[in-house]
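Let's take a walk through a protein model together. Have a look at the picture first, and then we'll go through it piece by piece.

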Amino acid sequence: MKTVKIELSYTFIYRMIVFLLILAMLGFTASHIAAAYSSEAKAANQQELSFKSVKVSTNDTLWSIAKENYSAEYGTFKEYVQEIMRCNSLSSEDINAGSSLIIPIYISGNPA
């Protein structure tokens, strides 16, 4: 059996080390750019919970008011109605014209 002896020149080794360092720096830079882009995208899409007051009109129902303010962050529409009831300490869905309700809403956060 023949033994093959491979000689590596210093130039070749130096070039390989430089190549690997450049490759590592590119990977490091790319990962930081991706992370920064990801955090900016999350901040742009972030929603903040807020509240507003709504005066109940004659033909308003709890469900009609909820329909005007519902957003997907609450899950189901029924869960949103229950959240409005909880915020206003209501034991039933009955509301009276002239009264005011506190309505939870999600608004776009200010990423500044």
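Let's start with a loop. Ser-89 is found in the loop between H3 and strand E2, which covers residues 100–108. Keep in mind as you look that this is a predicted model. Is Ser-89 buried or exposed? Its relative accessibility is 68%, so Ser-89 counts as exposed. There's also something to notice in its backbone: Ser-89 has a positive phi of about 50 degrees, even though it isn't a glycine. Most residues other than glycine have a negative phi.

Stay in that loop for a moment, because Ala-97 also has its place between H3 and E2. Which residues does Ala-97 touch, if we skip its neighbours within four places in sequence? They are Val-56, Ser-57 and Thr-58. Ala-97 and Lys-55 also make a nice example of how a chain folds back: they are 42 residues apart in sequence, but their C-alpha atoms are 7.8 Å apart in space.

Now zoom out. The protein chain has three helices and two strands, and reading along the sequence gives you the pattern α-β-α-α-β. Of the chain's 112 residues, 17% count as buried. If you take the contacts with a separation of 6 or more, residues 24 or more positions apart account for 66% of them.

Next, find two of the helices: H2 (residues 62–69) and H3 (residues 77–87). Their axes come within 10 Å and cross at roughly 110 degrees. An angle from 65 to 115 degrees counts as roughly perpendicular, so that's what H2 is to H3. The crossing of H2 past H3 is right-handed. Who makes the contact? On the H2 side you'll find Leu-62, Trp-63, Ala-66, Lys-67 and Asn-69, and on the H3 side Phe-77, Lys-78, Tyr-80, Val-81, Ile-84 and Met-85. Sort these residues by character and you get eight nonpolar, one polar and two charged.

Let's pick out Asn-69, which sits in helix H2. Is Asn-69 buried or exposed? With 11% relative accessibility, Asn-69 counts as buried, because the cut-off for that is under 20%. Leaving aside neighbours within four places in sequence, Asn-69 is in contact with Lys-52, Tyr-80, Ile-103 and Ile-105.

Tyr-80 brings us to the aromatic rings. How many aromatic pairs are there? The count comes to five. One of these pairs is formed by Tyr-74 and Tyr-80: their rings are 4.4 Å apart, centre to centre, with 45 degrees between the planes, and the pair is tilted. Both Tyr-74 and Tyr-80 are buried. Ring pairs also build something with more members: they link Trp-63, Tyr-70, Tyr-74, Phe-77, Tyr-80 and Tyr-106 into a cluster. Try finding those rings in the picture. You've already met Trp-63, Phe-77 and Tyr-80, since they're among the residues that make the contact between H2 and H3.

Notes
Residues are numbered from 1 along each chain as its sequence is written. This is a predicted model: local features need pLDDT of at least 70, side-chain atom pairs count only at pLDDT 80 or more; totals for chains, interfaces and linings use all residues. Side-chain values use heavy atoms; hydrogens and water are left out. Axes are lines fitted to C-alpha atoms, for helices over the stretch in contact, and angles run from 0 to 180 degrees between N-to-C directions. Helices (H or I, at least four residues) and strands (E, at least two) are DSSP runs, numbered from the N terminus. Angles under 35 degrees count as roughly parallel, over 145 as roughly antiparallel, 65 to 115 as roughly perpendicular and the rest as oblique. A crossing is left-handed if the near helix is turned anticlockwise from the far one by less than a right angle, and right-handed if clockwise. Contact means heavy atoms within 4.5 Å. Ala, Val, Leu, Ile, Met, Phe, Trp, Tyr, Cys and Pro count as nonpolar, Asp, Glu, Lys and Arg as charged, and the others, Gly among them, as polar. Rings of Phe, Tyr and Trp (its six-membered ring) pair if their centres lie within 6.5 Å; planes under 30 degrees apart count as stacked, over 60 as edge-to-face and the rest as tilted. Buried means under 20% relative accessible area, exposed over 50%, partly exposed in between (1.4 Å probe, protein chains only).
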